[in-house]
Amino acid sequence: MTAPRFGSAWRAQVGAEIKNRLRSPASLVAFLVILLGSYWAIPPANGRASSVSWRLADGRMQAPELSSSYLGIAVSVLMIIFFLLAAFYLVAGSVKRDRERGVGLLLAASPLGKTAYLGAKLVAHMAFLALLSLLAVPVGAFHFLRSGVGSFEWWPFLSPALLVVLPAAAFVSAMALLFDVTPGLRSKGGLVLWFLVGMPLLSAFPATQSRETMDGPVQRLPAFDPLGLVMNQYVIQSSLPPGAGGVSTGYVIHKEAPERVSWRAAAMPPAVVASRVFQLLWAVLPFLAAVLIFDRFDPARRSGRARKSGESTLQTAPESVPPLGVSSLVSLAPVQMRPNLGAAIWAETRLLWESAHAVKWLLLPAALTAAFLPAAAVPFASSVFLLLLVPVISEVGCREELAGAGPLVFSQPAVPSSVVLWKFAAVACFLLAVSLPLTLRGVFTGSLQALTVPLGLLFVAAFAVAAASLSGGGKLFSGAFLLLWYLGLNGLAGADFSGLLAPTVTWGPRLGFTLAGAAWLAAAIAWEKRRFRSAS
Amino acid sequence: MLTIHHLTKRYSNGTEALRDVSLELGEGVLGLLGPNGAGKTTLLSILATVTRPTSGTFSWQGIDVLREPQSLRRSLGYLPQDFGIYERLTAREFLLYLGRLKGLAGADLDRRVGELLELVNLHHAANRRLGGFSGGMRQRVGIAQALLGDPRLLIVDEPTVGLDPEERVRFRNLLAEAAQGRLIILSTHIVSDVEAIAGQIAILRAGRIVALRTPEELLRSAVGRVFELVTAPEHLAELQRRVAVSNLARRADGVHLRFVAGSRSTLDPAFAAAREVEPTLEDAYLLTELETRSAGASS
């Protein structure tokens with residue numbers, strides 16, 4: 001047997017990673033969600049929302065007509081939002097999974113080096129994220145075919161997306177790998193940390209580097225802008241009518257429909273292209289750090305804290321072994337079993353708390369803070385509380401599947417025939433308990449929130465359980481929840497599922513989310529029954 | 001206690017894992033033996049109400065389990081072959097969780113968990129997270145959870161995998177003791193585990209029960225059909241092709257080849273010098289396998 005060459009081992013790993021990812025049902029769900037999300041997130045030309053808008057000196061608000069050039073920019077804006085909010089969560093955890101499922105030990109015993117292993121992961125992550133983000137391109141083309149104006153120009157349409165995709169995918173993938181291999185960051189706490197630190201790093205930091213003031217015009221291309229956020233604004237700004245300013249990008253909803261005007265984005269100057277090539281280099285830093293930190297699945301190199309607490313898998317010898325042949329089964333005192341649904345819900349609710357990451361300790365302080373702050377500060381404080389729920393509940397609906405504990409759990413007498421409903425009840429109890437300060441605030445202030453908060457959290461419980469049960473993971477829920485959270489926090493009342501984020505609370509969205517929660521639950525129960533029948 | 005009627009399990013890919021299995025079982029230990037893929041784990045997972053059969057029924061204490069799975073679950077202790085754990089929980093928290101799902105509560109539950117941790121020799125690690133446990137320690141947690149609720153039916157699938165020899169003996173003794181007033185179904189590849197404690201042995205092959213006997217009956221059926229031959233190493237490969245070898249040992253006087261055969265009269269002349277030896281249960285199991293295979297080939 002000859003030693004395998006680096007290239008062939010690496011190619012084999014890349015191939016395995018990509019196949020494994022593409023054959024996962026969760027990927028299919030992600031494709032569908034991105035396609036539908038992209039379609040919805042590019043606003044039509046006759047509404048109040050736009051992807052790009054600006055204000056003229058006389059105060060009039062303008063937005064472009066649906067030309068191919070504008071749709072190219074709109075697609076790239078969408079891609080940047082995807083890379084900022086969702087991409088990290090779609091690829092994070094892959095090294096951790098290899099570690100937990102024992103694949104890591106097999107790889108550790110193979111000639112594949114850690115640079116090749118992580119390099120293969122990086123390429124597979126990049127390919128997956130690029131594929132997902134570029135799904136917005138055909139959606140943009142579809143919008144043009146449906147209601148576009150002017151002739152279709154390929155290069156202005158495609159170039160913004162092409163300039164965004166590679167550096168953004170490379171940087172987010174490399175950061176996901178770095179988080180994955182770093183003890184402390186590879187847990188759910190790392191996912192929260194990324195939200196709180198990583199996202200501002202990618203959005204606010206480049207903005208501060210390119211402007212004199214935060215709301216001033218872009219004056220230079222910053223050295224650090226891997227997502228292309230500032231690059232996009234720079235190009236848009238160069239294409240504005242004279243005297244225009246106050247550029248808004250994203251999914252911006254205006255008080256009144258903006259005036260639609262003919263608009264064409266400026267051609268990408270060579271400086272922008274060179275800047276994007278340079279941005280690719282930013283991925284090298286986190287990747288090299290990941291290679292340095294990665295223990296190559298060697299359990300002997302676990303953290304000192306784990307070793308001190310005796311958690312090393314190498315330390316297994318019991319302190320004292322009783323003499324052979326002595327057993328005390330007959331000496332066990334008899335016990336009384338009373339299996340019932342209440343016991344099962346209580347067990348699962350407790351498990352939610354016991355198995356949650358350390359971020360759970362922030363939940364109650366966050367709810368209490370939000371409850372006692374003045375009304376104006378409630379949306380922001382509540383947003384922190386809602387955000388902290390994600391790592392605690394996102395995988396409850398598929399916990400047994402992920403841990404392989406199904407046979408142990410589902411053979412217990414208190415577990416009801418519908419696991420989905422059982423989990424929903426447990427998550428609902430948990431959410432209603434931790435959100436009690438917010439509900440009580442509503443009661444004491446006579447606000448509608450006394451009803452909307454519990455109702456909204458019932459939707460969250462239903463959606464979390466159903467999405468995890470249907471997709472076999474927590475990412476569908478996390479991604480969609482974060483999107484709603486983001487839109488709700490940015491003032492889109494229709495996305496405010498809890499009635500805590502938007503300045504005013506109305507009943508319409510409540511009804512919509514309640515129905516949506518019921519629909520998700522019904523779909524998950526139907527799927528559960530179908531699986532049961534096919535297993536029979 | 002447990003009556004199984006014509007159980008069949010066909011997976012969606014067409015694989016028939018169980019074919020028309022019928023058994024009637026009372027108190028005691030049933031050892032389930034069979035090659036990989038024989039259907040042992042499928043049978044156990046159906047009996048544990050985790051998987052549904054394609055056809056057939058089974059009843060526990062006269063109650064149809066497929067209609068009322070709870071009737072059996074209240075009496076069940078189940079240790080699957082492959083089971084996962086929640087790595088963030090400590091051993092005690094994990095057992096408390098499963099105890100609650102069994103309907104145990106309060107002081108009863110706390111006491112039982114403490115007793116079981118002692119019993120499986122994990123009391124020193126009770127408050128450590130399961131994520132740091134070795135394979136053997138995880139297996140002992142699995143054994144403890146199977147005993148949580150005074151089970152009248154204990155189903156254990158490869159329970160001694162990962163246990164060190166001392167723990168294996170301890171667990172075997174525990175099962176032997178537990179057999180009083182209970183039905184224990186033990187599936188394993190380690191024939192000596194079954195030999196030590198099983199009152200009855202069922203041999204499963206290609207989804208069918210091909211033998212259901214006591215260990216003594218199995219041993220009797222192998223008398224006069226197990227041989228040993230001392231041979232030179234260079235002849236070994238040729239001889240191995242002609243008989244079913246149950247053991248090989250290299251000694252100073254040559255290679256000791258232990259093998260099973262239909263009878264001495266059917267032996268090849270190359271084995272004329274072989275001497276008859278006392279059969280073990282492993283020999284008897286191999287013989288049953290051999291007979292089933294040749295019966296399958298001739299039909």
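User: Before we start, what puts two residues in contact here?
Analyst: Two residues are in contact if their C-beta atoms, placed from the backbone, lie within 7 Å. Keep in mind that this is a predicted model.

User: Good. Which residues does B:L186 touch, leaving out those up to four places away in sequence?
Analyst: B:V29, B:L30, B:G31 and B:L32 are among them. B:L186 also touches B:V156, B:P159, B:L175, B:V194 and B:A198.

User: Where does B:L186 lie?
Analyst: In strand β8 of chain B, residues 183–187.

User: Buried or exposed?
Analyst: B:L186 is buried. The reason is its count of 27 C-beta neighbours inside 10 Å; the cut-off for buried is 20 or more.

User: Back to B:A198. How many residues separate B:L186 and B:A198 along the chain, and what is the C-alpha separation?
Analyst: They are 12 residues apart along the chain. Their C-alpha atoms are separated by 8.2 Å.

User: Now B:E158. Which elements flank its loop?
Analyst: The loop of B:E158 runs between β7 (153–157) and α6 (165–178) of chain B.

User: Is that glutamate buried or exposed, and why?
Analyst: B:E158 is buried, because 20 other C-beta atoms lie within 10 Å.

User: What does it touch beyond four places in sequence?
Analyst: B:E158 is in contact with B:Q81, B:S187 and B:T188.

User: And how far is B:H189 from B:E158?
Analyst: In space, 7.2 Å, C-alpha to C-alpha. In sequence, B:E158 and B:H189 are 31 residues apart.

User: Switching to sheets. What is the strand order in the open four-stranded one in chain B?
Analyst: The order is β12-β13-β11-β14, with antiparallel pairing.

User: Which strands are at the edges?
Analyst: β12 (244–251) and β14 (275–276) of chain B. Each has a single partner strand, so one side of each has no neighbour in the sheet.

User: How many bridges join β11 and β14 of chain B?
Analyst: Two, in the antiparallel sense. Strand β11 of chain B covers residues 226–231. As for the bridge partners, B:F227 is matched with B:E276 in β14(B).

User: Last topic, the interface. How many residues of each chain are in contact?
Analyst: 47 residues of chain A are in contact with 54 residues of chain B.

User: Which helices of chain A supply at least two residues each?
Analyst: α15 (341–354), α19 (406–410) and α24 (507–535) of chain A do. The largest share, six residues, comes from α15(A).

User: What's the mix by class on that side of chain A?
Analyst: The side of chain A that touches chain B has 28 nonpolar, 15 polar and four charged residues.

Technical notes: Residues are numbered from 1 along each chain as its sequence is written. Chains are lettered from A and ligands numbered from 1 in the order in which they are written. This is a predicted model: local features need pLDDT of at least 70, side-chain atom pairs count only at pLDDT 80 or more; totals for chains, interfaces and linings use all residues. A residue is buried if 20 or more other C-beta atoms lie within 10 Å of its own, exposed if 12 or fewer, and partly exposed in between; C-beta atoms are placed from the backbone. Ala, Val, Leu, Ile, Met, Phe, Trp, Tyr, Cys and Pro count as nonpolar, Asp, Glu, Lys and Arg as charged, and the others, Gly among them, as polar. Two strands pair if DSSP finds at least two bridges between them.
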